[in-house]
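Colleague: Please take me through one part of this model closely. I would like to see how its helices pack.

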Amino acid sequence: MSEQILNVAIPWSLTHYIPLNGFHPLYRALFEEKPDWLNIAAWDNIELSQSLRGDEAFRESLLAEVAKEAVKLENVSLSPIEKDYFAHYWSANQALTRLLPGEIEVHHTAPFPSLCRPFVFHCESFAPVFFPFAHQGTGSMESQEQVRAHYKRIFENPLCLGVFSHLPETITDLSRFFASPIIDAKLHLSRIGLMEGAEENKQLSKGPLSSTRFLFVNSANQNPANFFLRGGHIVLRFWQAFCRDPENKRLFMRCGRPSDAMLRQYGVDLDWLGCHEGHSIIWIEDYLTAHELEKLMCAAHFLLLPSASLHSVSIMQAMGAGAVPVVSDTIGTSRYVVDGKDGIVLSGVFDNNWRRDSECGVMIDQYARNPDLEDALVEQLLRRITELFQNPKKYAELYANVCRKARMEFSGRLFSEAFWSDVYGLYQDFLKDNLVSNGATDLSPAKHHLLIDDSDWDRVFTSPPQPVARLHTGQGCVTEMGGCFIASPGDQAVGLHDWSPITEYVEQSLPIPLAFSTEIKGLGGCYLRVPITEAERRNTKRFIEVVANKLMPFPLVYALSSKFLKLLRRLYRAWRQFFGEIVAEQKIAQPEANIELVAQDMNGLNIIRCNHQFYAISKNGGEFNKQRADAGDYEVCIKGTSLKDILRKVEELSTVSQESIELVEEGVCGFNLIRVGNSFFAIMQAEGAFDMNRVNTNGYSQLYTGDSLEDVRMAVERSLS
């Protein structure tokens, strides 16, 4: 492979990707097994949040880009389908997608390209490609012809270089649906694979078949609502028939337990269930990390998944851990499991749920409960697994084939090598006909700390891809998603795009901001404090209720008081409308100082956090003062919008070579202005050539620093005035 670097933009951390499972575990190997010649750029919402709060210039420039996207949509005539599509995409996410650095974009599940540079698309199933207009299991698509026309324009666009899927059925259906030779030429069947599990997990002993462990799991984001679609009730009914004498056998149910009423409705014997829960049936309702789930699968002999739809990640995870998959014959199953060779495939689900659409000719699924089918699935489970217990050699053969298939066909390394090689080839072919890419607006080097580091992919992919509540104090909530812990105040409802760190600056309807961190303790306990506005609202409501109850026996006084209250509310709304923006600006301009010493003597500098800004000042600079720092009055003062940003700048200065030092201006009021990386310095002309070692040892009589040439020039002028 050529050593030429390919820079890829991945917008999966944006909110329109939440329903698509964002950094879906299906694609983890593409990131952690990526080739050396590939760079990946994806927004780090934690860093983005901190920079929006602490860097006013960056915030204003980003909001201006968002406004451009909104104006662009206002100036074109959109069909109803296009309006819904862009409403879900959202102008802020369109701007953030466009601003990601990279020569090519990669999208998954449903296409949301910026169309300002080439892109490739990978998907698993047919219906989700058209989200939000089609969903798995509904059996229909809204406004089919308009949807077809809209997505046909996307995939026929010259900037669309390739459409990939690892399911042959999906490739066939896309070809039939669009009936476009242009799109057909872009369709590619891909490999698929997962990261290999930790070696210590693979060494866990499953024990003898007489002490069998069965496992049922729900979806990747562990949503308890998926229990019945996954076939959890069928598994419980099988267990009742199979495990009359539990002995050492165990069934682990990694999912939320449905209510008794729902279980009864789906044919589960509650009296029997009550006797076995906590004994042969173990419910694991709390969220499990990816590492904990892998250990559970390594201990399991069988994965039971008689579900209505395909769940690729669960099947591959189980096979990689040596658990024999027992799955249904839904579309896509044959890509993973061959009945009787490397698993058990239960029949009947395909015939019950799938049909060929008479209009477009593609396979459409519609989930419908069928008691006869459920009985048949329970019977098949019982018969097939009993046969294996009667013939342990057959189980041993299945087990060996499962491990071999996972190693040979579901290798994450091979998936990554093949996919990125194909993407590289498609991009090179594109360049032959296009001397330059349309190109997206690139980030300045100083803002690359806003991107996820390669070392963070494990944290991102082992975190739930959709919001999962981790803590609720009554005063605030903590939610985990996509490698972030997010604090939201009170009981405030959070909509889809409210999860974005930019929302509080774009949408006036979200007055209370969210806080982002890599861990709960990094949130600083903000979920324990009730915002003043929330407390005032509650106290006001209680006061009004008390007064109303006192005045209720006096109708005339009550009516007059009610009218007076309405008048006060109108006046208050008018006051907020006219003066709210001024108050908000004052709060931003004069935040309460919250100063923390983060690190001492790092290359001669102390790292200090002040509100949402970070500073590195000389360790001999004395007590930190924000006004002095902003005025450039410290001998050395470097600013950053986050801890990662400031540490990068300090490290950059400590490793600077003499060749990277640039004299920008000479003789400015007796000072020379020098650029070192992304930082600027001013030293007295009489003190000779600039030396970074003298900076770190306070060897200059007068030294001024700043993030721009203008900053240090103004600091010099202030010192002489």
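Modeller: Here is a walk through two helix pairs, with a short look at a strand afterwards. Keep in mind that this is a predicted model.

Start with helix 4, residues 80-89, and helix 6, residues 144-156. Their axes lie 9 Å apart. The packing angle is about 60°. Helix 4 is therefore oblique to helix 6. The crossing of these two helices is right-handed. Now look at who touches whom. Helix 4 brings Pro80, Ile81, Glu82 and Tyr85. Helix 6 answers with Gln146, Val147, His150, Tyr151, Arg153 and Ile154. Sorted by class, this contact holds six nonpolar, two polar and two charged residues.

Next comes helix 3, residues 56-74, against helix 5, residues 91-99. Their axes come within 8 Å. They cross at roughly 115°. Helix 3 passes helix 5 in a right-handed crossing. From helix 3, the contact uses Leu62, Glu65, Val66, Glu69, Ala70 and Leu73. From helix 5, it uses Ser91, Ala92, Gln94, Ala95, Leu96, Arg98 and Leu99. Eight of the residues in this contact are nonpolar, two are polar and three are charged.

Last, the strand. Strand 26 covers residues 703-706. It pairs with strand 25, residues 679-684, in the antiparallel sense over four bridges. Phe681 has Thr705 of strand 26 as its bridge partner. In a regular strand, side chains alternate between the two faces of the sheet. Strand 26 has Leu703 and Thr705 on one side, and Tyr704 and Gly706 on the other. All four are buried, so both faces of strand 26 are covered.

How values were computed:
Residues numbered from 1 in each chain as written. Predicted model: local features only at pLDDT ≥ 70, side-chain atom pairs only at ≥ 80, totals over all residues. Heavy atoms only, no water. Axes fitted to C-alpha atoms, helices over the stretch in contact; angles between N-to-C directions. Parallel < 35°, antiparallel > 145°, perpendicular 65-115°, else oblique. Left-handed = near helix turned anticlockwise from the far one by under 90°. Contact = heavy atoms within 4.5 Å. Nonpolar A, V, L, I, M, F, W, Y, C, P; charged D, E, K, R; others polar. Buried < 20%, exposed > 50% of the residue type's maximum accessible area, 1.4 Å probe, protein only. Pairing = 2+ DSSP bridges.
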